[in-house]
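Welcome, and thanks for taking a look at this one. Below is a short briefing, grouped by topic, to read alongside the sequence and the coordinates.

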Amino acid sequence: MQYTEILKAKDLAHIWHPCTQMHDHESTYPLIPIKNAKGVYVYDFDDKAYIDCISSWWVNIFGHCNPYINQKLIEQIHTLEHIILAGFSHEPIITLSSRLCEILPAPLNKCFFADNGSSAIEVALKMAYHAKAIESNTTFYDTFLSLQNAYHGETIGALSVGDVGLYKQVYDPILLKTLTSTAPTLHNTEQALKDLESMLDSHPNIVAFILEPLVQCAGNMAMHTPEFVAKATKMCQDRGIFVIFDEIAVGFGRSGSMFAFEQCGVIPDFLCLSKGLSGGYLPLSVVVTSDTIYEYFYAPYETHKAFLHSHSYTGNPLACACANAVLDIFDKENVIESNKLLSAYIWEQAQSLREFSFVQNMRQRGMILAFDLAGFEGQRKGIEVYNKALQKGLLLRPLGNTIYFMPPYVITKQEVAYVFGNLKEILASLR
């Protein structure tokens, strides 16, 4: 038996993979053990190369085994691997927190760290609810508002404010109280705002409104306008409703600016960051909020106002060292401007796919490009594209029949052209 087959057998004997119907591995989805990676490429144990077209679930923004991030991680390993963050601190997290607050606008000035994106959402929801309870001295405010088609993670709180039935429906009886407002698109901004205003006016008990600015990523890469984000945020904040921006996927240059909300001219009460924060190296997330929120909880112990939330690995020094290295790269290289040129080239290359009538709703926001395979209702065409792409050395992971491209920022024009040339051949085979 080949070594790859031995690994597959051991894997399937013991590992339950995320977001996977494991039965699919019998025939629908191949399982591919990866040996090593470099830049935009990952390599299996037969040394076949695959271009990572999705940045390994949107985290790997500067390529695999990035030499600079590697160096900084190795340096940190020899200094401090971990320390409890309750009552102790360390230089990497102090540096990281200071740098994040420097590049974010006032009043975002306090960082609360967690381990992953869903955990950051949990922190923001709990913190918002608790702050509102302290502010109002009542438990009247007990409901969260989110958008149709939203996805914010799969822990209980995060799932509650999501609206993708595939993930949520079975758990409805154990979720938080939530409301959903009309999902904005690039074409229905005014109607979505009217529906939101009606929702706000008829429900005075809303704690916070949560949204992904500009792109609902796991919601089939649905995109909306900066105008919607700006007006929706003002609408909520004018009513004393907290606003939570989930920039776990769209932050750190992915949307065309360092943070998506910068394109919208508004500032949230809570900003959730993860994924690209550590360059895809180690689990890390942070909720950035204001001194005003922080001061709600700043009181003598006897008042029981403290925000008691923790993770054993909160603020891990190794992860923080990687995050500081990521910020170094943003500081030293003109990443945002380079991405603008690269995203324009990606859009140019994607136009060749319009010859297929079933390629619909092609859209782009920064380093995210997506389109839908129309007319295949009830057919898992996305999986067919996925498997054919693997044969051609492309790692794609469609969302249903939505195909998207979210590569590491270090991808070259030649590699982009290779991706779309092969994608064109794959789509031709679907006709």
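Let's begin with one side chain: that of Arg 397 comes within 3.0 Å of the backbone oxygen of Cys 19. Please keep in mind that this is a predicted model. From Arg 397 we move to the domains, then to two sets of annotated binding-site residues, and end with a neighbouring threonine.

**Arg 397 and its surroundings**

- Arg 397 sits in the loop that runs between strand E15 (394-395) and strand E16 (402-405).
- Is Arg 397 buried or exposed? Its relative accessible area is 23%, and the cut-off for buried is under 20%, so Arg 397 counts as partly exposed.
- Beyond residues up to four places away in sequence, Arg 397 touches Cys 19, Thr 20, Ile 54, Trp 57, Tyr 386 and Tyr 404.
- One of those partners, Trp 57, carries the same UniProt feature name as Arg 397, "binding site".

**Domains**

- The domain assignment splits the protein into domain 1 (1-31), domain 2 (36-65 + 334-429) and domain 3 (69-332).
- Domain 2 and domain 3 have C-alpha centres 27 Å apart, and their contact involves 26 residues from domain 2 and 32 residues from domain 3.
- Between them, domain 2 and domain 3 bury about 2,400 Å², with 63% of that area on carbon and sulfur atoms.
- Which residues of domain 2 lose the most area to domain 3? They are Trp 58, Phe 62 and Arg 365, which together account for 29% of what the domain 2 side buries.

**First binding-site set, with Tyr 151**

- An unreviewed UniProt entry places the feature "binding site" at Trp 57, Tyr 151, Lys 275, Ser 310 and Arg 397.
- These positions spread over 341 residues of sequence and are spread in space as well, with up to 32.5 Å between C-alpha atoms.
- Among these residues, Tyr 151 belongs to the lining of the second largest cavity.
- Tyr 151 is placed in the loop between strand E5 (143-147) and helix H6 (156-160).
- A polar contact of 2.4 Å links the side chain of Tyr 151 to the side chain of Glu 154.
- Setting aside neighbours within four places in sequence, the contacts of Tyr 151 are Gly 162, Val 164, Tyr 167, Glu 212, Ala 218 and Asp 246.

**Second binding-site set, with Gly 117 and His 311**

- The UniProt annotation "binding site", again from an unreviewed entry, also covers Gly 117, Ser 118, Asp 246, His 311 and Ser 312.
- Why do these residues not all gather at one spot? They span 196 residues in sequence and the farthest two C-alpha atoms are 22.9 Å apart, so they do not share a single location.
- Of this set, His 311 and Ser 312 are included in the lining of the second largest pocket.
- Gly 117 is part of helix H5 (residues 117-136), and its relative accessibility of 12% makes it buried.
- Outside its neighbours within four places in sequence, Gly 117 is in contact with Ile 248, Ser 274 and Ser 285.
- Gly 117 and Thr 155 are 38 residues apart in sequence, and their C-alpha atoms are 9.9 Å apart in space.
- His 311 is located in the loop between H10 and H11 and is partly exposed, with a relative accessible area of 24%.
- The side chains of His 311 and Asp 115 are joined by a polar contact of 3.2 Å.
- Apart from neighbours within four places in sequence, His 311 is in contact with Ala 114, Asp 115 and Ser 119.

**Thr 314, a partner of His 311**

- Thr 314 is found in the loop between helix H10 (291-296) and helix H11 (317-332).
- What does the side chain of Thr 314 reach? It reaches the backbone oxygen of His 311, at 2.8 Å.
- Thr 314 counts as buried, at 10% relative accessibility.
- Not counting residues up to four places away in sequence, Thr 314 touches His 82, Leu 85, Phe 113 and Asp 115.
- Asp 115 thus turns up in the contacts of Thr 314 and in those of His 311.

Notes: Residues are numbered from 1 along each chain as its sequence is written. This is a predicted model: local features need pLDDT of at least 70, side-chain atom pairs count only at pLDDT 80 or more; totals for chains, interfaces and linings use all residues. Side-chain values use heavy atoms; hydrogens and water are left out. UniProt positions are given in the numbering used here, feature names are shortened, and annotations may be inferred rather than shown by experiment. On a 1 Å grid over the protein atoms alone, a cavity is a set of points where a 1.4 Å probe fits but cannot get out, and a pocket is an open set with protein on both sides within 12 Å along at least five of seven lines; lining residues have an atom within 4 Å of a point. Helices (H or I, at least four residues) and strands (E, at least two) are DSSP runs, numbered from the N terminus. Contact means heavy atoms within 4.5 Å. A polar contact is a pair of N or O atoms within 3.5 Å; within protein, one must be able to donate a hydrogen and the other to accept it, and residues adjacent in sequence count only if both atoms are side-chain atoms. Buried means under 20% relative accessible area, exposed over 50%, partly exposed in between (1.4 Å probe, protein chains only). Domain bounds come from an automatic or database domain assignment. Buried area is the accessible area (1.4 Å probe) that two parts lose on being put together, summed over both.
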